[in-house]
Structure formats: structure tokens, C-alpha cells
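Trainee: Could you take me through one part of this model in detail, namely its sheet, and then add whatever helps to place the helices? I would like one connected account.

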Amino acid sequence: MSDVTIFAPAPTLTVTVESAGGDDQIHIHAGGQGVWQARMLRRLGISVTMCCTLAGEAGEVIRHLLEDDGIRVVAIDRQGRGSAYVQDRRDGERVTVGEESGDPLERHDLDELYTALIRESMRSEIVILSGPADDEVLPADTYRRLAADLGPAGCTVVVDLAGERLDASLEGGVDVLKISDEELRDHGLTDESTAGVVEAMRRFRDRGARTVIVTRAGDPLLMLDDEGVLEVTPPKLEVADGRGAGDSLTAGVVAGMVRGESPRTAITLGAAAGAMNVTRHGLGTGDAETIAGLRERVSTKAVHDEDSGASARVSPDGLAALADPAAAADEGDAS
């Protein structure tokens with residue numbers, strides 16, 4: 001039994017070439033959204049079970065790397081190719097040398113993974129539904145089914161998703177939703193304003209998310225729950241690598257919830273974990289003592305309509321997408 005179960009359908013094997021003192025260094029890690037969340041949870045002292053599929057040579061390596069990080073792995077071994085990439089970072093920027101998305105899950109493999117997640121989640125306090133790197137790995141409707149089944153089974157459901165997978169999970173009902181404002185804009189759900197983001201958050205609440213968290217890159221993040229909107233400002237730190245900060249934030253929030261905190265209280269731990277992550281090249285890494293110190297420097301304040309500029313509004317198309325994603329998509333196809 002673990003504190004948290006993570007649904008990570010297809011982890012990625014990452015190979016990165018870096019330069020140190022004129023010499024090449026090659027780093028091999030397990031990667032992907034669920035992996036980075038699990039890694040930060042382990043740094044914060046939370047036990048984790050990861051339900052995933054593993055394929056080919058990449059899968060065997062991923063299994064060992066996850067176990068070395070102290071993550072309990074419940075894996076469905078399958079045929080075909082797994083997800084992997086090779087990146088060159090010797091000049092400071094990530095340049096992808098080679099990448100494969102892996103093969104989609106066969107029906108039998110998905111059935112086995114679904115069953116494993118339901119079984120393990122009922123033994124945990126919280127389950128995180130994370131996505132694969134490639135949209136074609138499994139049907140988006142899987143997330144609706146999981147959310148709909150896990151809630152009545154007594155699980156607290158946390159999702160860190162976007163697009164069709166987010167829409168599907170909301171139909172099932174979730175306890176905590178985390179998304180970035182960039183993802184909101186990419187799907188036409190908000191404009192640049194705080195009021196637009198808050199409006200989108202309220203629509204998510206109407207559609208089945210009890211608590212909504214939106215990260216905003218260098219700006220304070222926002223949370224909406226039964227008590228209203230909260231603005232959360234972590235300490236400003238020099239960014240070494242911004243990737244994975246949102247996953248670390250999700251992990252920090254979940255770690256606080258495992259220890260009995262409400263999401264409104266746990267958000268400060270999440271903000272501190274995300275701030276720590278950007279100072280490091282290793283995604284989902286950091287140490288608990290430093291994160292605890294950063295947490296004391298996270299500030300929060302309530303946001304009222306007059307503070308956010310309530311006169312701003314999301315575009316009609318964006319509101320239609322929030323209210324009925326399927327209908328909005330059909331209308332767009334017709335035009």
C-alpha cells in the first residue's frame with residue numbers, strides 16, 4: 001500500500017548529452033509527467049505506486065530506474081516499442097536528436113492497466129491521473145471512465161491534464177484539477193487577463209472539478225475552491241530549466257493533502273516544490289528541507305472580482321468550448 005497511486009500509461013526513457021569541463025556526459029533517466037510527479041513525491045517523503053505499461057528494451061531500463069528512485073512499479077509488460085528520446089544539451093539548449101512515441105496500447109493491455117489502477121488506487125489515499133507524451137497512446141475517454149469509477153470507490157482524484165483528456169476527466173468528476181494558463185490559451189479557453197483565467201476556472205468548477213489550480217509561468221498562480229479565488233506567489237529563483245515545475249507543484253499539493261492538509265493549505269507546499277524544481281536540471285528533484293524553507297516564503301492573498309478586473313471576458317468560442325467541448329468542436333468543423 002502506498003500513500004499515492006499514479007496513472008502513468010507510458011513512461012519515457014530519456015537520454016541527455018551534456019558537457020562538463022569539455023567532456024561529454026550522458027544521463028539516462030525515466031521521464032514523463034507521471035514520473036516527474038512521482039519523483040518529487042518521493043523527495044517529500046511520500047510513498048508512491050506507479051501503474052504503467054512498459055514495452056521493449058526501453059521498458060526494462062525504465063523499470064529499474066523507477067525502482068532505484070524508490071517508486072513501487074505495477075507494470076503491464078507489452079509488445080512493441082516504448083516511448084524514448086535522445087536530446088543534446090551541450091550548448092545549453094535542448095536539441096532533440098531522436099524520438100519515438102511508442103506504440104498505442106492494445107485493448108488487452110489497456111484492460112489490464114485499468115484493472116491494476118483501480119486495485120492499487122483503492123489501497124491509496126490519493127490517485128493522480130497523468131497523461132502520456134503522445135495523444136495516440138490510449139483513448140481520451142479512458143480518463144472519464146477512471147474518474148467516474150475512482151470517485152465512488154472512495155479515492156481522491158487529482159488530474160494534471162489538458163485538451164480532450166481533461167474534458168473527459170471532468171465528465172467523470174475530479175477533486176483537484178491543475179492546468180497552465182498556456183494550455184488554457186492554446187485551447188481558446190481564456191485570454192491574457194486574470195479575469196479571463198478566473199472565468200475559465202469557474203467553468204471548470206461547474207463541470208465537475210472541486211478545486212482548480214492554474215499556473216501562470218512567472219506570474220502568481222491561482223486557485224479556486226469553495227472559499228473563492230486565492231493568488232499564490234512563490235519566491236523568485238533563477239531558472240535553470242522550467243520544465244517539470246508544474247508537475248512538481250502538483251506533487252507538492254498532493255504531498256500536503258496526504259498529510260491531512262486541505263488543497264488551499266497544501267498549495268503553498270506545491271508552490272515551493274515548483275520553485276525548487278526550476279533551479280535544477282533534474283526534473284522532479286530537490287530536497288525536502290529546502291522546499292520546507294521555501295514554503296515559508298510563499299505568500300497568498302484572496303482575489304476578489306474587482307481585483308481581477310471582472311469586466312474582462314473569455315471569447316464566445318472559448319466559453320462554448322468550456323460549456324460543451326464536443327458541440328464547440330462540431331461547430332468549428334462545420335465552419
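Mentor: In this predicted model, the sheet is open and consists of 10 strands, which follow one another in the order β5-β4-β1-β8-β9-β10-β11-β12-β13-β14 with mixed pairing. Its edges are formed by β5, residues 72–78, and by β14, residues 299–303, each of which pairs on one side only. If direction is ignored, neighbouring strands of this sheet are turned against each other by 20° on average.

For a closer view of one pairing, take strand β10 (residues 174–180) and strand β11 (residues 209–216), which run parallel and are joined by six bridges; within this pair, valine 174 has alanine 209 of β11 as its bridge partner. Helix α1, which spans residues 33–43, packs on the sheet, where it touches β1 (4–7), β4 (48–55) and β8 (126–129), and the direction of α1 makes about 150° with that of β4.

A further contact to examine joins two helices, α8 (residues 245–258) and α9 (residues 263–277), whose axes come within 7 Å and cross at roughly 145°; the crossing in which α8 passes α9 is right-handed. On the α8 side the contact includes Ala245, Ser248, Leu249, Gly252 and Val253, while on the α9 side Pro263, Ala266, Ile267, Leu269 and Gly270 are among the residues that take part. The residues of this contact between α8 and α9 comprise 11 nonpolar and six polar ones, with no charged residue.

Notes. Residues are numbered from 1 along each chain as its sequence is written. This is a predicted model: local features need pLDDT of at least 70, side-chain atom pairs count only at pLDDT 80 or more; totals for chains, interfaces and linings use all residues. Side-chain values use heavy atoms; hydrogens and water are left out. Axes are lines fitted to C-alpha atoms, for helices over the stretch in contact, and angles run from 0 to 180 degrees between N-to-C directions. Helices (H or I, at least four residues) and strands (E, at least two) are DSSP runs, numbered from the N terminus. A crossing is left-handed if the near helix is turned anticlockwise from the far one by less than a right angle, and right-handed if clockwise. Contact means heavy atoms within 4.5 Å. Ala, Val, Leu, Ile, Met, Phe, Trp, Tyr, Cys and Pro count as nonpolar, Asp, Glu, Lys and Arg as charged, and the others, Gly among them, as polar. Two strands pair if DSSP finds at least two bridges between them.
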